[in-house]
Every structure is written in C-alpha cells, then in structure tokens.
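Good morning, colleagues. Please bring up the sequence and the structure, and I shall take one residue, one helix and one pocket in turn.

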Amino acid sequence: MADVWNYSFDSFNPRKIEAEYTPEEAKNILTNFFKESYVDKYDLKYYSGVHMRTDDCESIGSIEVGFVGRVLLNAFNALEYEELNDRPDLVADANAIFDSYLEHGFTPHGFIREFVDMTHKEEPHVYSIRRQSEGVFAVLNYLEYERRQGRKHEQWENRIKQLLSNFLKLQNEDGSFPRKFADDLTILDATGGSTPSATLPLTMAFTYFGNKEYLASAKRTAVYLEKELIQKADYFSSTLDANCEDKEASLYAATAMYYLSFVTKGKEREHYIDLCKKSAYFTLSWYYLWDVPFAPGQMLGDVDFKSRGWGNVSVENNHIDVFIFEFATILDWLAKERNESRFADFSEVIKSSMLQLMPVPGHMFDIGRVGYYSEVIQHTNWDYGKNGKGFYNDIFAPGWTVASL
C-alpha cells in the first residue's frame with residue numbers, strides 16, 4: 001500500500017489549491033453555525049447538526065453526541081474560539097450545552113445519552129464505543145481548557161471517571177471494545193473495528209487524571225489494533241452506519257498510535273510511530289490525488305470543484321467528505337518523525353482543498369445558511385440518497401463537518 005500510494009502521489013503530483021480563506025477567516029464564517037443552530041427549548045441544549053435539509057438548514061429536534069452530531073465537541077470549539085474573540089453570547093450558549101449534559105445527559109449506568117429525538121420523543125437505547133469515546137474526548141478537551149483558565153469542574157470529572165470505569169468493564173481480554181452495547185453493559189455488537197476510537201480518551205484521561213489504569217487499557221487496545229487491524233491490513237466497521245472496510249477505522253488507528261506516542265518513550269514510542277505510519281498509508285488510500293470530472297450543469301462542475309485532497313468514506317457509503325479532524329496534523333508530524341516529505345505536501349493539499357465549498361453570501365453552493373458546511377458530496381453516478389453525481393444529498397449533518405474543519 002505504501003509503495004502504491006507513493007507511486008501514485010509522485011505520478012499525479014497533486015498541488016494545493018489557492019486558498020480563498022485564512023484559517024481565522026474560515027473559523028469566523030463557520031461560527032455562524034454556532035449562532036444559528038443553537039436550540040435551548042429542551043432540557044438538553046444543543047446545536048442542531050444532524051438530519052437537516054441542505055436547502056433551508058432549519059434546526060430540528062435530533063441531538064447527537066459524537067459521530068455526525070458532535071454536539072459536545074462543537075461546544076468546546078465554540079467556547080475556546082468565542083472566549084478568544086470576545087463573543088459572550090456564544091460563550092454562554094456553549095457553557096449551557098455542557099451544563100445541560102452534566103445534569104440531563106447521562107444514562108442510569110453512567111453512559112452519555114448518545115442520540116435523542118426531542119420532536120418524536122424517541123431515544124434508542126443502543127450505545128456505541130465510538131460515540132461514547134468521542135463524547136469523552138470532547139469533555140476532556142473542555143476540562144483541560146477550563147483547568148488552564150483556572151476553572152475546575154469536579155462533577156464533570158466524576159461523570160467522566162464513572163464512564164471510563166464502564167469502559168474498563170467493556171474491554172475484552174484481547175484489548176478490543178465491542179462496537180455497540182446496552183446501558184447494562186450487555187454486548188449488542190462485538191465487532192472490534194471501533195476500538196481505536198477508545199484509545200484517544202483513555203490516553204487523554206491518563207494525562208488528565210494520572211490514573212495508570214487508563215494508560216494500561218489504551219496500550220491493550222494497541223495490541224489488538226496491531227494484531228487485528230494493522231498487521232492484517234483490515235480496517236473495518238468504525239463507521240456506525242456501514243459494515244465494511246472504511247476510512248475512519250484506519251484514520252482512528254493512526255490517530256490512536258499518534259496519541260500513544262506522546263505518553264511513551266524509547267523503543268515503545270518508536271514502535272507506535274511505525275504503526276501510525278503504516279496505518280496512515282491506508283488512510284491516505286481513501287483520499288483523492290486527482291480531480292474527478294464534473295459535467296456542466298452539475299453544481300460541482302459549474303463551480304469548478306476540485307476533488308483532490310477529499311476523502312472517500314467507505315465501501316458502502318460512496319461519497320467524498322471533509323472528515324479529517326487531526327489527520328493533517330498527524331501527516332505533518334509523521335513527515336518530521338520519519339522524514340517523509342510527501343506526507344507534509346499532501347497535508348497542504350488537504351488543508352487548502354477542503355475549504356472550497358464554504359457557503360458564504362454570493363457563493364452558497366445550494367446550502368441554505370452561511371457556514372453550514374456541506375457533508376455528502378456525490379462524485380459518482382452511484383447515488384447515496386438523492387440528486388446524484390455533481391450535487392449534494394438533500395439531507396446532511398453539518399455538526400461534524402464544522403467540527404472537523
């Protein structure tokens with residue numbers, strides 16, 4: 001895979017796209033999502049970011065932690081950015097979200113309420129290691145930020161400790177975590193492909209709390225990942241709505257090893273870096289090195305959209321999107337750690353390309369509101385849901401796209 005990717009990269013020689021926005025300008029535009037999507041009429045406060053129509057972007061009653069909703073990560077991003085830019089109204093919204101989840105956002109056994117549909121009063125009682133992990137990841141980012149500001153949240157810390165205690169109970173002897181389970185810890189889906197998502201909060205929790213049990217658990221996940229995913233080159237079923245090989249399993253595997261490298265030393269650290277590099281090549285194999293052609297009359301063709309730097313999703317969900325989160329940072333880091341300039345060069349392509357479809361006045365790209373970034377970009381004749389090649393699906397989830405960018 002490494003040889004094929006390196007050959008392909010050298011052959012296509014993708015160049016970064018002329019950036020239309022600086023990072024600060026992009027963040028300022030995306031902030032409109034925090035302003036317009038905030039909903040405060042229920043016990044749980046949230047940014048409406050899932051199952052929305054692209055044409056009007058009207059807020060709905062569905063709330064999701066992790067996966068495509070990312071409500072807590074968005075709240076952390078909003079808090080950090082808006083305090084820096086003196087926006088007390090949006091700071092208050094972000095704090096209200098965290099406060100509401102502290103009071104109303106947990107199950108009787110201490111899991112995060114992952115998905116709630118307030119409109120239809122529905123709440124599936126099936127929980128996932130991925131959404132739970134992404135929720136803990138967001139809260140630990142929030143707690144660390146707050147600690148640096150001199151603010152402490154003991155109740156939140158206790159909630160997270162209880163949730164991590166559940167993690168330790170769920171972990172199998174081989175180091176894996178089940179993909180889905182019930183509140184009473186009954187296993188509903190034993191598939192281990194989502195395991196690397198748990199490595200991140202476990203490593204972060206070790207750093208934040210100093211509890212070596214968390215680090216030991218994270219290292220056990222690495223043993224499983226090396227044996228079952230990385231050595232077998234079989235990165236599967238991290239995406240919750242697909243039972244197949246997918247980009248996010250390899251991306252999370254690379255990110256897991258990246259995190260472990262910061263809490264280890266010597267040969268152990270070097271081993272994690274090597275595993276990170278190996279899985280990074282499989283992640284890179286999902287990202288486009290060339291520009292898919294789009295015909296005149298297709299929205300993407302009319303705006304001269306370039307697909308290089310965008311990633312395909314999975315074998316089942318065949319579209320491209322901006323799922324990147326920390327991967328560009330990892331590529332820059334690997335370029336230095338392993339003297340591989342291609343990684344840094346492609347990171348520049350990714351970072352420049354993924355802002356092409358930013359909806360702004362005069363250039364909304366068929367999106368109903370400023371800063372509500374597109375999700376499902378259909379680049380093949382295979383139709384994900386509606387509209388087909390060269391257009392968006394009509395339903396989207398800007399919650400995760402804003403968080404990723």
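Apart from neighbours within four places in sequence, S347 is in contact with A328, L331 and D332. I should say at once that the model is predicted. S347 itself belongs to helix α13, which spans residues 341–353. Is S347 buried or exposed? Its relative accessible area is 0%, and since buried means under 20%, S347 counts as buried.

Let me turn to helix α12, residues 327–337. Two of the contacts of S347 that I named, A328 and L331, are among the buried residues of this helix. The others that are buried there are F327, I330, W333, L334 and A335. What covers these buried residues of α12? The covering elements include α9 (247–261) and α10 (266–284), together with α13, the helix in which S347 is placed. After α12 comes N339, and its phi is positive, near 50°.

I close with the second largest pocket. Its volume is about 490 Å³. The lining is made up of 30 residues, and those lying nearest the centre of the pocket are E64, F67, V68, D241 and E375. Which elements each supply at least two residues of this lining? They are β6 (127–128), α5 (129–148) and β11 (395–396). By residue class, the lining of the second largest pocket has 15 nonpolar, six polar and nine charged members.

Terms used. Residues are numbered from 1 along each chain as its sequence is written. This is a predicted model: local features need pLDDT of at least 70, side-chain atom pairs count only at pLDDT 80 or more; totals for chains, interfaces and linings use all residues. Side-chain values use heavy atoms; hydrogens and water are left out. On a 1 Å grid over the protein atoms alone, a cavity is a set of points where a 1.4 Å probe fits but cannot get out, and a pocket is an open set with protein on both sides within 12 Å along at least five of seven lines; lining residues have an atom within 4 Å of a point. Grid points are joined across faces, edges and corners, and a volume is the space filled by probe spheres set on the points. Helices (H or I, at least four residues) and strands (E, at least two) are DSSP runs, numbered from the N terminus. Ala, Val, Leu, Ile, Met, Phe, Trp, Tyr, Cys and Pro count as nonpolar, Asp, Glu, Lys and Arg as charged, and the others, Gly among them, as polar. Buried means under 20% relative accessible area, exposed over 50%, partly exposed in between (1.4 Å probe, protein chains only). Contact means heavy atoms within 4.5 Å.
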